[in-house]
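Visitor: Could you take me on a close look at the nonpolar core of this model? I would be glad to hear about the surroundings afterwards.

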Amino acid sequence: MMIDKIIYETKGGMTRIALLSNGNLAELEIIAENRALEGNIYLGKVVRKIELANGKQGFFVELGEGREAFLNAEEYGLDELNICEGQSLVVQVAQEKRAEKGPKVTRALQFVGENLVYCPYRMNVETSSKIADKNKASEYRDLVIENTTGQEGWIIRTSAVNESKETIVKEMEYLRSLFDSTRAKARSLQAPALLLAKANPVFEYINKYKNDLNKIVLNSRNIENDIKEHFGDEIATEIAAEPFDEYGMEDAIVEALNPSVKLKSGGRITIQETKALVAIDVDSGSDKGNGSIAHLNLEAADEIARQIRLRNLSGKIIIDFAGSSDYRYLKPVIETLESKAAEDSTKTTVLGLSRAGNVEIIRVRKRPTLQDLLTKECDCCQGSGRVMR
């Protein structure tokens, strides 16, 4: 997906980042200062042990400010520590709080850079499957292996092969130093404590989309200065007092919370989030697409892929397309979904057509959905409705 504009607004302890494609809201990230963000590293304190099904165990770890996160005892290497209540552990948020479910943490730390991911407790070097030039991918993998020291692992990101080898080696050194400083901080602080906050994601978005990016609109001179320092005049910036309001993002967000999405053909998509899964129904409605259900479903597939990213839908996603559920009719629709899933930065797998005739998708859950972030269950109707936070 081509992202040509970023709208950045920070105020009242909340940061919002909107990614626009041809003037339309494509993706939205909302960050609260007091939230345990995916990627944050904490010196946590084990507060209690719990018994799970099939004799398995888990732990609740205090992160500070009254927040607790779940740590799976089945995690590799955890049994060696003989963990007990009151013990301090360095953990990283792997999945943020969602609805009534608290965050999940892991001991398998990852330090994400612009071109590499440093995994200090692993011993292998992987390359992104999205690197088209396999020879170059192999060349850069050899480079990383040559500069690996001791027990450590690396993931080579797609952007790495577009950088010089000197840049890659310098980034390896920087990420190692970040790990060392995090460990040193853990030795000097008392649990619970924040050791490393997730970097401002706006820089990640700029790096990812800078080839098509025309402008960043923001309300922070400090962030603008940081962007200029990092990217020079490569990225155009514009200061606005209320960027989300001025560029119509407030209305776009309200629209993104609507369970019904109208299609240009006259059809309609209905999205229903439940605790177990996300159900999506495609209805022909007043379809004006020359009576073609195939045309309607292809249009719906494209829009569903956009809505999944915009609303950050994750977990199990079940889609009931219009018309026949025969594979020969839905094959082009599934191929469209697979093509769009390949562009998604969050791992998304199109499982195909179920025996019941529905298309099934699995998308990794890391952050809350837009609905979870901006609304809560209505107390009066006991969860069947939602109200704005």
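Guide: With pleasure. In this predicted model, the largest nonpolar core has 25 residues, and those with the most contacts inside it are I304, I319, F321 and L337. Three strands and two helices are a good place to begin: β17 (268-273), β18 (278-283) and β19 (315-320), along with α7 (293-311) and α8 (327-343), each supply at least two residues of this core. Strand β21 (359-363) does so too, again with at least two residues.

F321 is a handy residue to centre your view on. Leaving aside its neighbours within four places in sequence, F321 is in contact with V282, N297, A300, A301, I304, L330, V333, L337 and V359. Two of the names you have already met, I304 and L337, are in that list, and both are also among the residues with the most contacts inside the core.

Apart from this core lies another one, of 24 residues, which includes L109, A137, L143 and I168.

While we are looking at what is buried, let us turn to the cysteines. A search of the whole structure finds zero disulfides. Two cysteines show contrasting settings: C119 is buried, with a relative accessible area of 1%, whereas C84 counts as partly exposed at 43% relative accessibility.

Now for the surroundings, starting at the beginning of the chain. Strand β1 (residues 5-11) has two partners to follow here. With strand β14 (residues 215-218), β1 runs parallel, joined by four bridges; on that side I7 stands opposite V217. With strand β2 (residues 14-21), β1 pairs in the antiparallel sense over seven bridges, and there E9 stands opposite R16. The hairpin of β1 and β2 has two residues between the strands, and G12 takes a positive phi near 55° in it.

Let us finish in β2, where S21 has its place. S21 counts as buried because its relative accessibility is 14%, and buried means under 20%. A polar atom of the S21 side chain lies 2.8 Å from the backbone oxygen of M2. Not counting residues up to four places away in sequence, S21 touches M1, M2, I3, D4 and A26. M2 therefore appears twice in the picture of this buried serine: as one of the residues S21 touches, and as the owner of that backbone oxygen.

Key. Residues are numbered from 1 along each chain as its sequence is written. This is a predicted model: local features need pLDDT of at least 70, side-chain atom pairs count only at pLDDT 80 or more; totals for chains, interfaces and linings use all residues. Side-chain values use heavy atoms; hydrogens and water are left out. Two strands pair if DSSP finds at least two bridges between them. A nonpolar core is a set of buried Ala, Val, Leu, Ile, Met, Phe, Trp, Tyr and Cys residues joined through side-chain atoms within 4.5 Å. Buried means under 20% relative accessible area, exposed over 50%, partly exposed in between (1.4 Å probe, protein chains only). Contact means heavy atoms within 4.5 Å. A disulfide is a pair of cysteine sulfur atoms within 2.5 Å. A polar contact is a pair of N or O atoms within 3.5 Å; within protein, one must be able to donate a hydrogen and the other to accept it, and residues adjacent in sequence count only if both atoms are side-chain atoms.
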